[in-house]
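Please open the model in your viewer and keep the selection tool at hand. The tour moves from one selection to the next, with a short account of what is found at each stop.

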Amino acid sequence: MQLGQRQVLADSDQPWDLIVIGGGITGAGVLLEAARRGQRALLLEQTDFAWGTSSRSSKMVHGGLRYIAQGDVRLTRHSLLERERLLQELPGLVERATYLFPLHKGQFPGRWPMKAVLWLYDFLAGIRDHRYLNRQRLFERVPGLRREGITGAMSYTDALTDDCRLVMRTLLEAARHGGQAINYARVDAVSGEHGQFSVSVRDRVSGESRQLAARTVINATGAWADRLSGSDKRVRPLRGSHLFINPERLPVSDCLTVMHPQDGRPVFVFPWEGVTCVGTTDLDHPQDMDIEAAASAGEVDYLLTLINSQFPQAHIRRDDIYSTIAGVRPVIASGKGVDPSKERRDHAVWGDNGVVTVSGGKLTTFRLIALDALLAAGLINDREHRRSQKSDQPGFTPLQAPAAVEAFLHADQADPAFIDWIVSRESVVHLDDLMLRRTRLGLIHPRAGMDVLERLKPALCQQLGWDDRRWEQELSRYLDIHQRYYGVPAADDNREQAA
Ligand SMILES: Cc1cc2nc3c(=O)[nH]c(=O)nc-3n(C[C@H](O)[C@H](O)[C@H](O)COP(=O)(O)OP(=O)(O)OC[C@H]3O[C@@H](n4cnc5c(N)ncnc54)[C@H](O)[C@@H]3O)c2cc1C
């Protein structure tokens, strides 16, 4: 099962049954579901696989308590069933985690309303996994948490993943069924009509352009979707940022929901791949979508304010942050100009006869989103759609791979066997593909993972066929990207305004 070394974009005499534009989780899911049904399908990603929002989420495979609180039982139920499916099929990559929701004296929701919501949440998932923790139990588990006003906590479970690895795992599974995927291949335009599309693609490695023929085109470009949809603007880009913090300075062992003291928004503090992750923010993102999203100084301050109000003894400062990450959520706009956090999070599929566009939604429900896109594109019918939604056929086959690949969340990401496997199978083009997405070494270590890189250099150069000159170029490119988009902006940095 492999994508192999990156392929050069080639002319093809035969039209593709399907071209999928966008290599995030939505595009990967569409490719997999089409390839599994025998379609000759090709996915094109303008940068690297999972470079967009799908490497920048909160990493939760979840039903989403907020959706149930908003009365969206259907979305919650679908998400929970998909969560349970992924937990079963991808152990080590999607793992159950304990979530704690502290309760405050005199504040909504109290113990009993929360218990009722969690009962329903578990019931919809077909599990029973929630309980009440009294103050003492809570503070044993989260020793540094501010104690004032807290009466106890509700404990329940959801799941965590590595979003990038989930995209790669989905692409690898698609490749097993004959699907093809090419990164650094940007679609500039789509012309024609259903049955006879012509797709203009630029190979960003060779610099060459190609016209590819396809019977069907699905635009799965997330927050970029309006550019190729051929219809009116629908996406409201909302940015969410996270901080990755030195775990010795802010140790947590469960996923904690805490309310921001300024605006009462819930923010997660959770353990992820050995570091402590804090997020997210939720802001309109009017910046140019060709510029990689980055956390602003204001967002870092906002999240630091939260941490230091909830963990008053920790005194977390910018120096304690290893890296930041910002993602742009493709929310389908209500057009009502409401507060960003109040916009609905479900997906939409639109376009008829022409290009089918799919955007919005969640990481968790990628399989269902893909089925909706295939239905709209006429690649499956209503019956097949209904049958597949409920199907209990496994979506993933076990990989023949080093343990670190399957059990990624606990892996030593610098393990040479693991790196070797990735480099030979996962279409790595640049050092940043490896440091920021195939692995998260550049996010979960101080100094952009430079110490690890020094150790990896000889093996990497050999595996990728890079000489010293190429290594220096790649290193300088990677460090520049890290500093601009994944670093910690100084308090007086105004890059948000500059962008
Ligand atoms: C801060 C944040 C937290 C989130 N947390 C969660 C969570 O915890 N759980 C959850 O389930 N969901 C979460 N989500 C939602 C989830 O991350 C997104 O719904 C999902 O990643 C969107 O995937 P996508 O494939 O549609 O878009 P993307 O991942 O953005 O993929 C679109 C791709 O299209 C490519 N592209 C664009 N234009 C072109 C072109 N012209 N040619 C070729 N390629 C192109 C882009 O480069 C990009 O890689 C979160 C989102 C955000 C922003």
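A polar contact, as the term is used here, is a pair of N or O atoms within 3.5 Å. Keep in mind throughout that you are looking at a predicted model.

**First stop: the ligand and its contacts**

Select the ligand together with Thr26, and you will find that a polar side-chain atom of this residue lies 2.7 Å from an oxygen atom of the ligand. Add Glu45 to the selection, where a polar side-chain atom likewise lies 2.7 Å from an oxygen atom of the ligand. Then turn to Val187, which takes part through its backbone, since one of its N or O atoms there lies 2.9 Å from a nitrogen atom of the ligand. How much of the ligand's accessible area does the protein cover? Of the 1,000 Å² that the ligand has on its own, the protein covers 98%.

**Second stop: the shell around the ligand**

Now widen the selection to the 37 residues that surround the ligand, of which the closest are Thr26, Glu45, Ser54, Met60 and Thr364. If you colour this shell by residue type, you should see twelve nonpolar, 19 polar and six charged residues. The elements that give two or more residues to the shell are helix α1 (25-36) and the strands β8 (185-193), β11 (235-245) and β16 (321-332). Next, colour domain 1 (16-54 + 164-234 + 341-390) and domain 2 (96-160 + 236-332) separately; because both give residues to the shell, the ligand lies between them.

**Third stop: strand β4 and its partners**

Select strand β4 (residues 94-104) and strand β6 (residues 150-161), which run antiparallel and are joined by eleven bridges. To follow one of these bridges, pick Leu100, whose partner in β6 is Ser155. Strand β12 (residues 255-259) is also joined to β4, in this case by two bridges, and these two strands run parallel. Here you can pick Tyr99, whose bridge partner in β12 is Cys255.

**Fourth stop: backbone details in the loops**

From β4, move on into the loop that leads to α4 (111-125), where Pro109 is located. The peptide bond that joins Phe108 and Pro109 is cis, with an omega of about -5°. A cis peptide bond also joins Gly279 and Thr280, with an omega of about 20°, and Thr280 is found in the loop between β14 (275-279) and β15 (283-284). Finally, look in the loop between β2 (41-44) and β3 (60-61) for Lys59, which has a positive phi of about 65° although it is not a glycine.

**Last stop: residues 418-470**

Select residues 418-470, where the unreviewed UniProt entry places the feature "domain: Alpha-glycerophosphate oxidase C-terminal". This span is 72% helix and 0% strand, and its end C-alpha atoms lie 22 Å apart.

Key: Residues are numbered from 1 along each chain as its sequence is written. This is a predicted model: local features need pLDDT of at least 70, side-chain atom pairs count only at pLDDT 80 or more; totals for chains, interfaces and linings use all residues. Side-chain values use heavy atoms; hydrogens and water are left out. A residue is near a molecule or strand if one of its heavy atoms lies within 4 Å of it. A polar contact is a pair of N or O atoms within 3.5 Å; within protein, one must be able to donate a hydrogen and the other to accept it, and residues adjacent in sequence count only if both atoms are side-chain atoms. Accessible areas come from the Shrake-Rupley method with a 1.4 Å probe; for residues, only the protein chains shown count as cover. Helices (H or I, at least four residues) and strands (E, at least two) are DSSP runs, numbered from the N terminus. Ala, Val, Leu, Ile, Met, Phe, Trp, Tyr, Cys and Pro count as nonpolar, Asp, Glu, Lys and Arg as charged, and the others, Gly among them, as polar. Domain bounds come from an automatic or database domain assignment. UniProt positions are given in the numbering used here, feature names are shortened, and annotations may be inferred rather than shown by experiment. Two strands pair if DSSP finds at least two bridges between them.
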